[in-house]
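Welcome, and please open the model in your viewer. We will go from one selection to the next, with a short look at what is found at each.

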Amino acid sequence: GCKVNKMYLMKKEIEKRGIKMNEAKTSKNVIYNTIGTFFYFFCQWLTTILVVRISGYEDAGILSIVISFTNIFYFIALFGVRNFQVTDINHEFTDRDYLNSRHITSGIALILFVISLFCMRFSQVTVICCILYMIFKVFEGYTDVIFGIWQNHDGYFEILVSYIGKGILTIAGFCIGLYLFNLPIAIAIQALLYFLFIALYDGNQIKKLVSDFEVKTSQYKKVLIPCVPLMIYGLIVPYLNFLSRYVVELKFGTEILGYYSSITMVFTVMSTLMGSIFVTVLPKIAYLYQIGNYKELNKFILLANLGIVGFGVVCVGLGIVLGNFVFSIMFGKQILDYMYLLTPTIIASIILSLVSLTSSIMISFRKNHLMLMINIIGVVLCTLSISFIVDSLGLVGALYALILSLIVIYIILFIIIELAVVKKKGEIQ
């Protein structure tokens, strides 16, 4: 009875702390967060379309390599802290700790970025663009930690406003810069405007929302230790993205990469969008797991999985019906030769979303190391097979290599989660 009693006390303690998972409020927050995220990433995606329209596939190829390369270090800067931050329901760390930890992780990311940049065989323009884009990504990293703080203080409306402001400013700055000057200047203007928005809006709002923001402890180094597996996990998608593009560029050249990345951008957009939606359901999963409501938890998990699959079926259908029409409007007729890449891209995105969901659930269960090991198995599989598959199947091989490794990760994770829930149910009975 001791175990059950302890569970009961823990349940009461969590409820007492006022974590009322208010359904209406949760859904309003999810809506604010999703609209904001969607708008911001839509603007970023539009940038990759407009670069084709304003200056052609060569620049589009450069931008795509730049984005996928810097993304790796962006995720090092994030260090997986956000997932930890929003599931820190016992307030182990202060808001200030989370912000201070970002100074350290950004420093680490920049050092690794510079070292890696020296090792890559990039053209001079690409190197300059990488440096400027990395500065922009560091600013984005600060936004992430600020949004985590707002999320813990129910500042979802502020998140919405901030995303929309940043989305409009960055796309406007980028396009004007590209139209009047060139790609490096476009990226520089984008970064500058983004920084100004953080300084003027985010900085002021944080003071309004958080009364004890100045409370400092030297705990912030401790924040990072449990996040190491989360940080490495965060690198997986950007790494796979970069790997596939790098292989495509090596084997087919920058212009073909421009076509490839214009279509496979869907993969990046969907993975980012899904990630931001999962962040809002993580606290609920962690909560159900902690209070021991495994029946509800299992229902929630299965529904989420089915929801993603259903969404995927709809997307594939839309892609088949509207794909050629929509993409030829966006990118011009030349893209039609590459439209066979769209369906495998959507399938890869859906399986990636399932992997993100199951990995997030493992994080809620605090099974970080196991989740990481399984993801790494998939990454190794993809790294070893991608070159061979591309040689055998051509351009689409890059996507098949991704799909293969993601399916392996998903199946293993799903089985482990179901076993964990069943085991917990058994313990209670």
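## A tour of the buried salt bridges

Begin by selecting Asp 144, which counts as buried because its relative accessibility is 12%, below the 20% cut-off. Keep in mind as you look around that this is a predicted model.

Keep Asp 144 selected and add Arg 102. These two residues form a salt bridge, with their closest N and O atoms 3.7 Å apart. Asp 144 belongs to helix α6 and Arg 102 to helix α5 (residues 95-119), so this pair ties together parts of the chain that are 42 residues apart in sequence. Is Arg 102 buried or exposed? Arg 102 is buried, at 0% relative accessibility.

Now add Arg 82 to the selection. Its side chain meets that of Asp 144 in a salt bridge, at 3.2 Å from N to O. Here the link is again between distant parts of the chain: Arg 82 sits in helix α4 (residues 81-86) and Asp 144 in helix α6 (residues 124-152), 62 residues apart. Arg 82 is buried too, with a relative accessible area of 11%.

Next, clear the view and select Asp 202 together with Lys 166. Their side chains meet in a salt bridge, 2.5 Å from N to O. Which helices does this pair tie together? Asp 202 is in helix α8 (residues 183-209) and Lys 166 is in helix α7, so the bridge joins parts 36 residues apart in sequence. Asp 202 is buried, its relative accessible area being 0%. Lys 166 is buried as well, with a value of 1%.

Before moving on, bring back the earlier three residues. Arg 82, Arg 102 and Asp 144 are joined into one network by salt bridges that share partners. The pairs you have visited are among the six salt bridges found in a search of the whole structure.

For the last stop, colour the protein chain by pLDDT. The mean over the chain is 87, and 92% of the residues reach 70 or more. Where is confidence lowest, and where is it highest? Select helix α1 (residues 2-16) for the lowest, with a mean of 58. Then select helix α7 (residues 156-180) for the highest, at 96. You have met helix α7 already, as the helix that holds Lys 166.

Key: Residues numbered from 1 in each chain as written. Predicted model: local features only at pLDDT ≥ 70, side-chain atom pairs only at ≥ 80, totals over all residues. Heavy atoms only, no water. pLDDT = per-residue confidence, 0-100. Helix = DSSP H or I, 4+ residues; strand = E, 2+ residues; numbered from the N terminus. Salt bridge = Lys/Arg side-chain N within 4 Å of Asp/Glu carboxyl O. Buried < 20%, exposed > 50% of the residue type's maximum accessible area, 1.4 Å probe, protein only.
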